[in-house]
Amino acid sequence: MKRLMTIALLVLLGVALLVASGPAAPSAAQSGNTWTANYFNNPDWAYSPVLIQTVPLVSFNWGSGSPGPNVPVDFFSARFDTSAFFYAGSYQFTATADDEVALVVDGITYIDTRNSGQSGKTQSVVVPMWQGNHQVQVWYREYTGLAYISVTWQYIKPGGVTPTPPPPPPPPSNCAPVSATSVQTKYGDYTPCIQQNIHQKNCFQSDGAWDSPNMGSIEMEPQITVWGNCTADQTTQFRVSCDPAIPLQNFKCSKTEAGWFPS
């Protein structure tokens, strides 16, 4: 009897050790994450959702019914969003839906049965993942008849991929001075000229003073390229290129006092 008890204890200890030595990575889907479910009263995810829920799984069978208030039994759609933690490795994602489903992970579509006549057919795909949180999104569409959807994933092997570092920011594409969007001077309102990108003469109005500029002198000026209040005939320099080898360029203030043109 003692010998039998000893053997039984050894077997139980072996089972406990086998369980304890299992892999740290999860083998089943959706451990601990939650989803935000948005339901729409149309099949195209249009307008604002009519029902929003927080759910632990994307696993529903509504039969011939509706997900909830304001959602019709036919011709509705839903979007499920979650941020889930994954260990590095490959995961098998599985989706089944009546009528249509799309699976998007980190902005990449891996499963998409929309407009393909795959209603009720199970779809699977293997996705390599780096360790960390990933954005998972499920799009669901119901037309008529039965309505159900299930999306799961399973850890199948280690390895994964190294996350791609973000690309460096692009160099500045425009180092030219910024123009004002609206300018008024004693010689008129130049906002319409700015908006239409036309010569300042089209907005010029004399103030009637003996020393004010006349239309002829305004017409002889180049078109303003940098709009903004300034003092007539004043000169300055602006950078016109992102290339440091290109020198600053000279500009002169228009007699309209509405901006600068190259001089």
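A residue counts as buried when its relative accessible area is under 20%. The model used in these exercises is predicted.

**Exercise 1. Decide whether Trp153 and Phe93 are buried or exposed, and describe how their rings are arranged.**

Step 1. Trp153 has a relative accessibility of 5%, so Trp153 counts as buried.
Step 2. For Phe93 the value is 0%, so Phe93 is buried as well.
Step 3. The ring centres of Phe93 and Trp153 are 5.4 Å apart and the planes meet at 45°; planes from 30 to 60 degrees apart count as tilted, and therefore this pair is tilted.
Step 4. Phe93 belongs to strand S5 (residues 89-98) and Trp153 to strand S10 (residues 147-157); with these positions 60 residues apart, the pair links distant parts of the chain.
Step 5. Phe93 and Trp153 are also members of a cluster linked by ring pairs, together with Trp35, Phe86, Tyr91 and Tyr155.

**Exercise 2. Describe the surroundings of Phe86.**

Step 1. Locate the residue: Phe86 is in strand S4 (residues 76-86).
Step 2. Its relative accessibility is 0%, so Phe86 counts as buried.
Step 3. List the contacts, leaving out neighbours within four places in sequence: Tyr91, Phe93, Met129, Trp130, Gln131, Gly132, His134, Val136 and Trp153.
Step 4. Take one of these, Met129: this residue is 43 residues from Phe86 in sequence, yet the C-alpha to C-alpha separation is 7.0 Å.
Step 5. Set this beside the chain as a whole: of the contacts between residues at least 6 apart in sequence, 65% join residues at least 24 apart.

**Exercise 3. Work out the order of the open sheet of 6 strands and say which strands stand at its edges.**

Step 1. The protein chain has 16 strands and 3 helices.
Step 2. The order in this open sheet is S2-S1-S4-S9-S6-S7, and the pairing is antiparallel.
Step 3. Strands S2 (51-55) and S7 (108-112) each have a single partner strand, so they are the edges, and one side of each has no neighbour in the sheet.
Step 4. From one strand to the next, the twist averages 20°.

**Exercise 4. Follow strand S6 to its two partners, S9 and S7.**

Step 1. On one side, S6 (residues 100-105) is joined to S9 (residues 132-142) by 6 bridges, and the two run antiparallel.
Step 2. Within this pairing, Val101 is opposite Tyr140 of S9.
Step 3. With S7, S6 pairs over 4 bridges, also in the antiparallel sense.
Step 4. Val105 has Ile108 in S7 as its bridge partner.
Step 5. S6 and S7 make a hairpin with 2 residues between the strands, and Asp106 in the turn has a positive phi of about 55°.

**Exercise 5. Find the ring that pairs with Tyr140 and state what the pair ties together.**

Step 1. The structure contains 19 aromatic pairs.
Step 2. In one of them, the rings of Tyr140 and Trp62 have centres 5.7 Å apart and planes at 50°, so the pair is tilted.
Step 3. Trp62 is in strand S3 (residues 58-63) and Tyr140 in S9, so the pair ties together parts 78 residues apart in sequence.
Step 4. Trp62 and Tyr140 are both buried.
Step 5. Another ring, that of Trp139, has the charged end of Arg79 over it, 5.7 Å from the ring centre.

**Exercise 6. State how much of the protein chain is buried and what makes up its exposed area.**

Step 1. Of its 263 residues, 35% count as buried.
Step 2. The chain exposes about 15,300 Å², and carbon and sulfur atoms supply 57% of that area.

Methods
Residues are numbered from 1 along each chain as its sequence is written. This is a predicted model: local features need pLDDT of at least 70, side-chain atom pairs count only at pLDDT 80 or more; totals for chains, interfaces and linings use all residues. Side-chain values use heavy atoms; hydrogens and water are left out. Buried means under 20% relative accessible area, exposed over 50%, partly exposed in between (1.4 Å probe, protein chains only). Contact means heavy atoms within 4.5 Å. Accessible areas come from the Shrake-Rupley method with a 1.4 Å probe; for residues, only the protein chains shown count as cover. Two strands pair if DSSP finds at least two bridges between them. Axes are lines fitted to C-alpha atoms, for helices over the stretch in contact, and angles run from 0 to 180 degrees between N-to-C directions. Rings of Phe, Tyr and Trp (its six-membered ring) pair if their centres lie within 6.5 Å; planes under 30 degrees apart count as stacked, over 60 as edge-to-face and the rest as tilted. A charge sits over a ring if NZ of Lys or CZ of Arg is within 6 Å of the ring centre and within 35 degrees of the ring normal.
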